[in-house]
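Grab a pencil and work through these exercises with the structure open beside you. Try each task before you read its solution.

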Amino acid sequence: MTRLKFHQTLKILAIVLSVGLLAVGCGQKKQDAPAENLPSNTEKAGKKSEYVFALIAKSQSNPVFQAARVGAEDAAAEVGKKLGVKITVVWRTPNEDDAQKQVENIEQLILQGVDGISVSCSEANTLTPAINKAVDQGVAVMCFDSDAPASKRFCYHGTDDIECGHIIMRELASQLGPGKHVVAIPGGNQNARNLQNRIKGALDEATNYPNISVRGVYYSKETPQDAAAKVEEVQTANPDIDGWAMIGSWSLFTDALLKWEPGKVKIVAMDALPAELPYLTKGVVQKLFAQQTYRWGWRSVELLADKTVLGKNPSNALDYSPLPPVTKDDVAEYQGKWKQWLRQ
């Protein structure tokens, strides 16, 4: 090949190579479509169309948890429609307060592949390892009503229990008025963290009133019959007790104390359940502070949906709910609410 032909060949190769690189560049530009035409991250990941959330309360029979269940089911329909997904709520609650049963239920739910769990912990220490196990396996877990703060749960929704104790004792002191008074506190489950915090708040608040002495905290099972029997036993043995700071109102879930003389012993209590309302009407109980139990379930579904569907955490891991006061003037209103909450 002559030197001239060699240079001509190099020129031809250079032209071919330039055209090829230009073609490749054009092809790349064609693939880099405008951002608005690209599928969203959700579409790329293939967003699920169905989610399953489980609610684990402390016991089947307690109306506060029955209301929470209805709230969760109502939220599943409304929140699911809003987000364009199907949400199913499964109920996995022991017949009676049993932390080990709750652990077993969490382990079964992990195997079943649920997307989220909301649990009211009978005993925080017992539930914490099971909660952590669920989170480690990709299940979103939160607590409602009774927390396990040392666990990997992403949030807690419910009552600020220490503040609740302060509120109950403060109102009782107001009802008792001046003069010397002796009060008592029903304790319920001695291992329940939420109750221990309420007791702590009530005892702290009592120190603000030099005229009030706390005779003691009296523990019992949280069944209405057992709790009422304990209150009557303590009252009989201590007739000078003239006030009860009921940080738990299980004894009012039965009519056992309705025979008490109205106003002789002042009572301020938690919740405003159907069985408690006659106590207000008759004047045996002076004021109730209602936990928003229907909202326990509603908010659980809402927070779990935010976490699993939207990948969104709550702004505060402690999602507290206020305690509206309820008096005899509010009885009719709450009777109507409970008919809705219990599907009556």
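**Exercise 1. A salt bridge within a helix**

Does K230 count as buried, partly exposed or exposed, and what is its relative accessibility?

*Solution.* Before we start, keep in mind that this is a predicted model.

Step 1: K230 has a relative accessibility of 23%. Buried means under 20% and exposed means over 50%, so K230 counts as partly exposed.

Step 2: Now look for the partner. The side chain of K230 meets that of E233 in a salt bridge, at 3.6 Å from N to O. The cut-off for such a pair is 4 Å.

Step 3: Check E233 too. Its relative accessibility is 49%, so E233 is partly exposed as well.

Step 4: Place the pair. Both K230 and E233 sit in helix α8, and 3 residues, about one turn of the helix, separate them.

**Exercise 2. Two more pairs to sort**

Take the salt bridges E73 with R69 and D240 with R215. Which elements hold the residues of each pair?

*Solution.* Step 1: Start with E73 and R69, whose closest N and O atoms are 3.5 Å apart. Helix α3 (residues 63-83) holds both of them, 4 residues apart, or about one turn.

Step 2: How open are they? E73 is partly exposed at 34% relative accessibility, and R69 is partly exposed with 34%.

Step 3: Go on to D240 and R215, which form a salt bridge at 2.6 Å, N to O. This pair links distant parts of the chain: D240 is in the loop between α8 (224-237) and β8 (243-246), while R215 is in strand β7 (residues 212-219), 25 residues away.

Step 4: Use the accessibility once more. D240 comes to 39%, so D240 is partly exposed; R215 comes to 34%, so R215 is partly exposed.

Step 5: Zoom out. The count of salt bridges comes to 16.

**Exercise 3. Two helices that cross**

At roughly what angle do the axes of α3 and helix α11 (residues 331-341) cross? Then find the residues that meet.

*Solution.* Step 1: The axes cross at roughly 60° and come within 9 Å. Angles of 65 to 115 degrees would count as roughly perpendicular, and those under 35 degrees as roughly parallel. Therefore α3 is oblique to α11.

Step 2: On the α3 side you'll find P63, Q66, A67 and V70, and they meet W338, Q340 and W341 of α11.

Step 3: Sort these by class. The contact of α3 with α11 has 5 nonpolar residues, 2 polar ones and no charged ones.

**Exercise 4. Reading a sheet**

In what order do the strands of the open sheet of 6 strands run?

*Solution.* Step 1: The order is β2-β1-β3-β4-β5-β11, with parallel pairing.

Step 2: Find the edges. β2 (86-91) and β11 (318-320) are the edge strands, each pairing on one side only.

Step 3: Check the twist. On average, neighbouring strands of this sheet are turned by 20° against each other, ignoring direction.

Step 4: Pick one pair of strands. Strand β4 (residues 140-144) runs parallel to strand β5 (residues 156-158), joined by 2 bridges. F144 has H157 in β5 as its bridge partner.

Step 5: Add the helices. α3 lies across β1, β2 and β4, at about 165° to β2. Helix α5 (residues 124-136) lies across β3 (116-119) and β4, at about 145° to β4.

**Exercise 5. Follow one strand**

Which residues of β8 point one way, and which the other way?

*Solution.* Step 1: Recall the rule that side chains in a regular strand alternate between the two faces of the sheet.

Step 2: Here G243 and A245 point one way from β8, W244 and M246 point the other way, and all are buried.

Step 3: Trace the pairing. β8 runs parallel to strand β6 (residues 181-188), with 2 bridges, and parallel to strand β9 (residues 266-270), with 4 bridges.

Step 4: Put G243 in the picture. G243 is the bridge partner of V183, and in β9 the partner of G243 is K266.

**Exercise 6. A buried arginine**

Where is R198 found, and is R198 buried or exposed?

*Solution.* Step 1: R198 is found in helix α7 (residues 193-206).

Step 2: Its relative accessibility is 3%, so R198 counts as buried.

Step 3: List its contacts, leaving out residues up to four places away in sequence. R198 touches D145, D161, C164, G165, I247, M270 and Q291.

Conventions
Residues numbered from 1 in each chain as written. Predicted model: local features only at pLDDT ≥ 70, side-chain atom pairs only at ≥ 80, totals over all residues. Heavy atoms only, no water. Buried < 20%, exposed > 50% of the residue type's maximum accessible area, 1.4 Å probe, protein only. Axes fitted to C-alpha atoms, helices over the stretch in contact; angles between N-to-C directions. Parallel < 35°, antiparallel > 145°, perpendicular 65-115°, else oblique. Contact = heavy atoms within 4.5 Å. Nonpolar A, V, L, I, M, F, W, Y, C, P; charged D, E, K, R; others polar. Pairing = 2+ DSSP bridges.
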